[in-house]
Amino acid sequence: MNADQLLARNLLSALANGGIQPFFQPIVSLDDGRVLGLEVLARWHDPVQGYISPDRFIPIADRFGLLDRLLDQLMRTSFLAAADWPHNIFFGFNVSPTQLRNSELATRIAKAAIDCAFPLSRVHIEVTESGFIDDLTQPRRTLDRLINLGCMIAMDDFGTGYSSLTWLSSLPFSKLKIDASFVMAMHEHRQSRKIVAAVVGLGHSLGLAVVAEGVETAEQADLLRGMGCKLAQGYLFGRPTSASLVPEVLSTLVSSADDAASSVPMSLELRAHRVSDACESDAAIAFMDPAGTVVASSTAFDRTMEVHRGEAAGRHIWELIGVTPETFAEIRATDLLDEQFPAIEETTASGSTARIFIRPVKDESSELLGYSVEFGEPTNPKAS
């Protein structure tokens, strides 16, 4: 038995015995420092060999067909650990090129989320372009299925491959993650600054969220803010940490964010986060993306829709209220004319009539981020 086979056998044993644990690294809003999501990373501490680097065991897992089992364990452990964490935080999971070619990947991800009662709208799948170089057909089907389930798709390590723009124009990405090597070199190399600024501008022009990876200094964060970058990840905001320490990390970063005032308009993901922050209020309010998919909703909204808490997220608005896809197209057209769409009247189970207001939400350059959906005071026709 050679060294790789021995490591694979030990890895299989670690997976069976809970030896592989998820660690979590914050993804924050550069607008105000709030934690919007957590990237989930595999960590292995072997009783005999000690810490084993992911750079060592991830390729072994891929080679010996253990990646699906590894992802499944990471997801389920993360979902269960997050039961008492804020319900507006998304989780980012890395998926390999091999897994993208597996037609059962989307089914496995959906089952893990459903079994743990974790909304798929909070699952973000991160892939690198190497997953598409050999064959686009099955990866595209897999990504389409994941999107239909409500997941978001991010292109990871953007800028390091030879054909990133080809895949960006061909595949349904919602987010770009700028490779850390460019971000970390911004101060020393003008070309790196130009590349980062160009990627930020490209992403925003395509309506994509952009995350800068590898942010280690306040100076780097300031440069990114100046470029208009909204999201960041790196040691400046927190190293990967175990589940037991995540509440402390969240508390620390939220406290820091509360001390910092910012007038910078919010990105789509931050808007969703803020809507979720207000979810404990009595307002029946939701936020949906430009395609009409609910990103976040309040408890009152879910109650009004007669769905369980969190189940409105990930669904199209026309599955919940009397708005057809055609009506939604009219709402978008009305916005282009800089006019407000009239309130929509919906009859509730009690016989009262509720007025629903759908309004566009835009950034500082008037780019559409999505739409707010809010119920007005119901009226009772019998009382008039």
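Okay, let's start with a term: we call a crossing of two helices right-handed if the near helix is turned clockwise from the far one by less than a right angle. Keep that in mind for α9 and α10, whose crossing is right-handed. And before I go on, what you have in front of you is a predicted model.

So, that pair. Helix α9 covers residues 190-205 and helix α10 covers residues 218-227. Their axes are 10 Å apart, and the packing angle is about 45°. Angles from 65 to 115 degrees would count as roughly perpendicular and those under 35 as roughly parallel, so α9 and α10 come out as oblique to each other. Who does the touching? On the α9 side we have R193, V196, A197 and V200, and they meet L223, L224 and M227 in α10. Sorted by class, that contact has six nonpolar residues, no polar ones and one charged.

Let me zoom out for a second. The chain has 384 residues, and 49% of them are buried. For secondary structure, we get 14 helices and 15 strands. And if you take the contacts with a separation of 6 or more, 60% of them are between residues 24 or more positions apart.

Now to the front end of the chain, with helix α1, residues 3-16. I'll take its two partners in turn. With helix α2, residues 54-63, the axes come within 10 Å and cross at roughly 90°, so this pair is roughly perpendicular. From α1 the contact uses A3, D4, L7, A8 and L11, and from α2 it uses R56, F57, I60, A61 and R63. That makes seven nonpolar and three charged residues, with no polar ones.

The other partner is helix α3, residues 67-81. Here the angle is about 30° and the axes are 11 Å apart, so α1 and α3 are roughly parallel. This crossing is left-handed. L12, A14, L15 and A16 of α1 are up against R69, L70 and Q73 of α3. The class count this time is five nonpolar, one polar and one charged.

Next, helix α5, residues 105-115. Which of its residues are buried? They're L105, A106, I109, A110, A112 and A113. Those six cover an arc of only 160° around the axis, so they sit on the same side of α5. As a reminder, an α-helix has 3.6 residues a turn, so residues three or four places apart point the same way. What does that buried set on α5 pack against? We see α3 again, plus α4 (97-100), β5 (123-127) and α6 (137-149).

Just after α5 comes A117, with a positive phi, near 55°. Carry on into the loop between α5 and β5 and you'll find S121. Is S121 buried or exposed? Its relative accessible area is 16%, and the cut-off for buried is under 20%, so S121 is buried. Setting aside residues up to four places away in sequence, S121 touches G150, A313 and G314.

One more serine to finish: S242, in strand β10, residues 241-242. Its contacts, again without neighbours within four places, are P22, F23 and F24. And the C-alpha atoms of S242 and L41 are 9.8 Å apart, although 201 residues separate the two along the chain.

That's my tour, so over to you.

Conventions:
Residues numbered from 1 in each chain as written. Predicted model: local features only at pLDDT ≥ 70, side-chain atom pairs only at ≥ 80, totals over all residues. Heavy atoms only, no water. Axes fitted to C-alpha atoms, helices over the stretch in contact; angles between N-to-C directions. Helix = DSSP H or I, 4+ residues; strand = E, 2+ residues; numbered from the N terminus. Parallel < 35°, antiparallel > 145°, perpendicular 65-115°, else oblique. Contact = heavy atoms within 4.5 Å. Nonpolar A, V, L, I, M, F, W, Y, C, P; charged D, E, K, R; others polar. Buried < 20%, exposed > 50% of the residue type's maximum accessible area, 1.4 Å probe, protein only. Arc of directions from axis to C-beta.
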